[in-house]
Amino acid sequence: MNTEIIIPDKITENDLYKELKKYCDRDDLEMARLAYDFAANAHKMQFRQSGEPYIKHPLSTAYILSLLKIDINIVIASLLHDVPEDTDVTLEEIEQNFGKDIANMIQGITKLGALKYRGVERYIENLRKMFIAMAEDIRVMIIKFADRIHNLNTLASMPANKKYRIALESLEIYAPIANRLGIGEFKGQLEDLSFPHVFPEDYKRVRDISDSFMSVEKGYLDKTMQFLKKQIRATGIKIIDIHGRKKRLFSLYLKLKQRNWDTEQIYDIVAVRILVSSVSDCYAVLGIIHNLWRPLKGRIKDYISQPKPNGYKSLHTTVFCDEGHIVEFQIRTMEMHEAAEFGIAAHWHYHENKKPVKINQKNVAWAQELAKIQKDVLNNLSDLDVLKIDFFQNRIFVFTPQGDVIDLPENATPVDFAYQIHTEIGNKCNSAIVNDNIVSLDTPLKSGDVVEITVDKNRKGPSRDWLSFIKTNTARQHIKHYLNAQKKNWLSSVWPMPRKK
Ligand code: MN
């Protein structure tokens with residue numbers, strides 16, 4: 001039931017095909033084979049730091065996505081994701097062979113480029129690129145997460161300073177974004193794979209705490225689950241699954257630090273998770289548990305009526321069980337469980353072999369979320385120059401009617417937007433339509449707005465008044481340039497330069 005990402009040691013293309021067969025039809029599988037052969041051929045004679053043939057990396061990336069039953073086009077793009085950057089094969093050739101959609105995703109990944117930690121400015125620039133890539137096509141990020149998870153899996157062969165840099169970047173950037181997108185599985189993997197490289201001593205300490213807790217409590221938990229199962233079934237409620245879940249080490253670490261390493265104060269090192277078929281069953285099971293055991297004060301959390309900001313839904317309660325044991329229970333439906341594991345990726349996840357309903361890439365609500373995500377991620381960054389972050393934090397993402405993303409400073413106006421598209425559109429812009437409403441040219445734009453500019457071909461040029469409200473240097477330069485040229489024209493008309501004879 002739990003999707004655990006384990007990459008086989010000596011992975012081959014057959015491992016991937018085996019997973020794909022579980023949810024793809026024959027045509028999809030055939031396409032995946034072609035993509036693998038294409039990539040293997042392009043990367044032939046290339047090797048990774050570990051000495052392995054390079055193709056093992058895109059293959060493992062695709063394999064991770066196949067474990068999550070992710071849409072075949074994303075899997076195919078992941079097989080090809082390093083081809084344009086690292087080989088002689090071009091993006092055009094990929095498009096000819098695999099179509100525009102896949103080529104576009106790969107272009108997105110290539111644009112992101114190799115993210116390298118080269119001082120704050122470069123780091124922030126990379127973040128910015130990442131957000132733009134996300135706004136353009138969130139599937140690119142899904143591939144990037146899988147790519148990073150495989151790289152973290154193979155860190156052992158890297159030099160020590162690289163190891164640390166990659167792991168730190170994963171903890172500070174990738175994991176918070178995965179969290180904000182609600183992809184619990186990726187967030188957990190990114191954190192737990194990075195943890196030992198960033199905080200090696202703490203890692204050992206947390207692992208020992210978790211292991212020893214497990215060895216003491218396992219027997220009791222098994223017994224409790226068996227007992228509870230019978231109690232629930234007796235009421236006629238159907239249990240889809242009941243299992244013990246171990247808290248991920250990095251999130252246990254954060255909690256331990258909050259509680260001064262007092263394990264007595266942490267009740268969810270292991271929790272019992274119960275999956276049922278409906279929301280009313282969730283509440284019914286909560287009632288059954290509270291009827292059997294007394295709940296701890298303040299530990300009943302109803303994330304169904306009040307979901308977490310990233311959309312997480314579940315009921316949590318901690319109770320005094322028998323023999324002095326304290327146990328946390330988490331109750332949810334299958335849909336809530338999948339949403340918690342896959343988050344936004346659920347839109348491309350095959351549920352019971354049914355093709356996913358794809359969301360619109362230019363989803364406006366999504367782009368609005370983006371601004372919040374940026375803030376979350378940036379608030380979590382440590383050791384970075386806050387001043388330099390500021391310039392990045394106050395950015396908004398606005399769409400053209402065609403869905404292109406334009407990145408602007410906060411409170412930018414339709415005039416800034418127009419100049420960002422083209423100087424002539426700026427110079428001749430006459431009115432603006434934002435989300436289907438006509439607005440004045442000085443209206444501050446918000447992330448996610450779809451902006452359309454109407455130009456007046458007869459318009460001579462920009463108005464001086466615009467200088468009072470525009471926010472970008474691009475717009476300012478163009479307007480001033482135009483006005484200066486006007487002044488020169490006017491001067492030369494009243495005070496003509498002597499003509500050469
Ligand atoms: Mn890669």
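Contact means heavy atoms within 4.5 Å. The model is predicted: local features need pLDDT of at least 70, side-chain atom pairs count only at pLDDT 80 or more, and totals for chains, interfaces and linings use all residues. Residues are numbered from 1 along each chain as its sequence is written, and side-chain values use heavy atoms, with hydrogens and water left out.

**Exercise 1. Place T413 and list its contacts beyond four places in sequence.**

Step 1. Find the element. T413 sits in the loop between β8 (405–409) and α18 (414–421). Helices (H or I, at least four residues) and strands (E, at least two) are DSSP runs, numbered from the N terminus.

Step 2. List the partners. Setting aside neighbours within four places, T413 is in contact with L441, D442, T443, L445, F469 and I470.

Step 3. Check burial. T413 has 1% relative accessibility, so it counts as buried. Buried means under 20% relative accessible area, exposed over 50%, partly exposed in between (1.4 Å probe, protein chains only).

**Exercise 2. Treat T472 likewise, and find what its side chain reaches.**

Step 1. T472 belongs to the loop between β11 (451–455) and α20 (473–494).

Step 2. T472 is buried because its relative accessibility is 7%.

Step 3. Residues up to four places away in sequence are not counted; T472 then touches L408, P409, D416 and Q420.

Step 4. The T472 side chain reaches the backbone nitrogen of A475 at 3.4 Å.

**Exercise 3. Identify the donors of the manganese ion and their spacing in sequence.**

Step 1. Apply the cut-off. Donors are N, O and S atoms within 2.8 Å of the metal (3.2 Å for Na, K and Ca); water is not among the atoms, so sites may look incomplete.

Step 2. Name the donors. H57 (NE2), H81 (NE2), D82 (OD) and D147 (OD) coordinate the manganese ion at 2.1 to 2.5 Å.

Step 3. Read the spacing. The donor residues follow H-x23-H-D-x64-D.

Step 4. Locate the histidines. H57 is in helix α3 (residues 56–67), and H81 is in the loop between α4 (72–79) and α5 (83–86); the pair links distant parts of the chain, 24 residues apart. Both H57 and H81 are buried.

**Exercise 4. Classify the ring pairs F195–Y203 and F250–Y253.**

Step 1. Choose the variables. A pair of aromatic rings is described by the distance of the centres and the angle of the planes.

Step 2. Set the limits. Rings of Phe, Tyr and Trp (its six-membered ring) pair if their centres lie within 6.5 Å; planes under 30 degrees apart count as stacked, over 60 as edge-to-face and the rest as tilted.

Step 3. Search the whole structure. There are 12 aromatic pairs. F195 and Y203 have ring centres 5.3 Å apart and planes at 90°, so this pair is edge-to-face. Both residues, F195 and Y203, are buried.

Step 4. Take the other pair. F250 and Y253 are tilted, at 5.7 Å centre to centre and 50° between the planes. F250 and Y253 both lie in helix α13 (residues 249–258), 3 residues apart, about one turn of the helix.

Step 5. Join them up. Ring pairs link F195, F199, Y203, F250, Y253 and W261 into a cluster.

**Exercise 5. Find which elements have the lowest and highest mean pLDDT.**

Step 1. Recall the scale. pLDDT is the predictor's confidence in each residue, from 0 to 100.

Step 2. Take the average. The protein averages a pLDDT of 85, and 85% of the residues score at least 70.

Step 3. Compare elements. Helix α17 (residues 386–393) has the lowest mean pLDDT (41), and helix α14 (residues 279–292) the highest (97).

How values were computed. A polar contact is a pair of N or O atoms within 3.5 Å; within protein, one must be able to donate a hydrogen and the other to accept it, and residues adjacent in sequence count only if both atoms are side-chain atoms.
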